[in-house]
Amino acid sequence: MGKKNMLLTVLKILLLMYVITGLLLLVLTLLLAKAQLGESAVSIGIVVIYVVSGFVGGLLAGKRMKSRKFFWGMVMGACYFLALAIGSVIFHKGLDMDAGRFATTLILCIASGMVGGMVG
């Protein structure tokens with residue numbers, strides 16, 4: 001697979017990951033409105049969304065790349081996290097989380113992508 005084609009594949013998968021994130025956030029919002037979820041339930045829901053999106057991205061990357069699947073899953077998780085961090089900086093005028101939460105989110109995104117890649 002050529003570098004240009006590889007980059008295009010990564011960008012397509014990343015876009016799909018964000019579509020999944022948006023849809024799951026919509027579901028979480030509806031649950032919040034209907035079930036009046038507490039702050040801890042919303043935080044857990046957001047973590048689940050990160051993990052599901054990372055896993056799906058890693059799974060698709062693993063299927064597409066065919067070799068070093070875990071690596072490509074990790075790449076997808078890292079790209080997903082990087083886009084989250086950049087979005088946070090742009091929209092919140094800085095990172096909207098402490099260092100521990102930042103590191104935990106990074107690890108969750110990369111690990112879920114890696115697991116998805118290994119399954120793919």
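**Figure 1. Val119 and the nonpolar surface patch.** Val119 lies in helix α4; helices here are DSSP runs of H or I with at least four residues, numbered from the N terminus. The model is predicted: local features need pLDDT of at least 70, side-chain atom pairs count only at pLDDT 80 or more, and totals for chains, interfaces and linings use all residues. Residues are numbered from 1 along each chain as its sequence is written, and side-chain values use heavy atoms, with hydrogens and water left out. With a relative accessible area of 54%, Val119 is exposed (buried means under 20%, exposed over 50%, and partly exposed in between, with a 1.4 Å probe and protein chains only). Val119 joins Phe55, Phe70, Phe71, Met74, Val115 and Met118 in a nonpolar surface patch of about 590 Å². Two or more residues of the nonpolar patch come from each of α3 (69-92) and α4 (99-119). Patches consist of residues with over 30% relative accessible area and no salt bridge; nonpolar side chains (Val, Leu, Ile, Met, Phe, Trp, Tyr) are joined within 5 Å and like charges within 9 Å. Accessible areas come from the Shrake-Rupley method with a 1.4 Å probe, and for residues only the protein chains shown count as cover.

**Figure 2. The positive surface patch.** Lys12, Lys63, Arg64 and Lys66 form a positive patch on the surface. Lys and Arg count as positive and Asp and Glu as negative, while His and the chain ends are not counted. The place of a charge is taken as NZ of Lys, CZ of Arg, CG of Asp or CD of Glu. A salt bridge, which patch residues must lack, is a side-chain nitrogen of Lys or Arg within 4 Å of a carboxyl oxygen of Asp or Glu. Of the patch members, Lys63 is found in helix α2 (residues 39-65), and Lys66 lies in the loop between α2 and α3.

**Figure 3. Positive phi angles in the loop between α2 and α3.** Lys66 has a phi near 70 degrees, a positive value in a residue other than glycine. Lys66 is exposed, at a relative accessible area of 63%. Arg68 also belongs to the loop between α2 and α3. The phi of Arg68 is near 50 degrees, again positive in a residue other than glycine. Arg68 counts as exposed, with 52% relative accessibility.

**Figure 4. The cysteines Cys79 and Cys109.** The whole structure contains 0 disulfides, a disulfide being a pair of cysteine sulfur atoms within 2.5 Å. The cysteine sulfur closest to that of Cys79 belongs to Cys109 and is 11 Å away, so the two are too far apart for a bond. Cys109 is likewise in no disulfide. Cys79 is partly exposed, at 25% relative accessible area, whereas Cys109 is buried, at 0%.

**Figure 5. Two buried glycines, Gly45 and Gly77.** Gly45 is placed in helix α2 and has a relative accessibility of 15%, which counts as buried. From C-alpha to C-alpha, Gly45 and Leu32 are 10 Å apart in space and 13 residues apart in sequence. Gly77 lies in helix α3 and is buried, with 0% relative accessibility. A distance of 9.5 Å separates the C-alpha atoms of Gly77 and Gly116, which are 39 residues apart along the chain.
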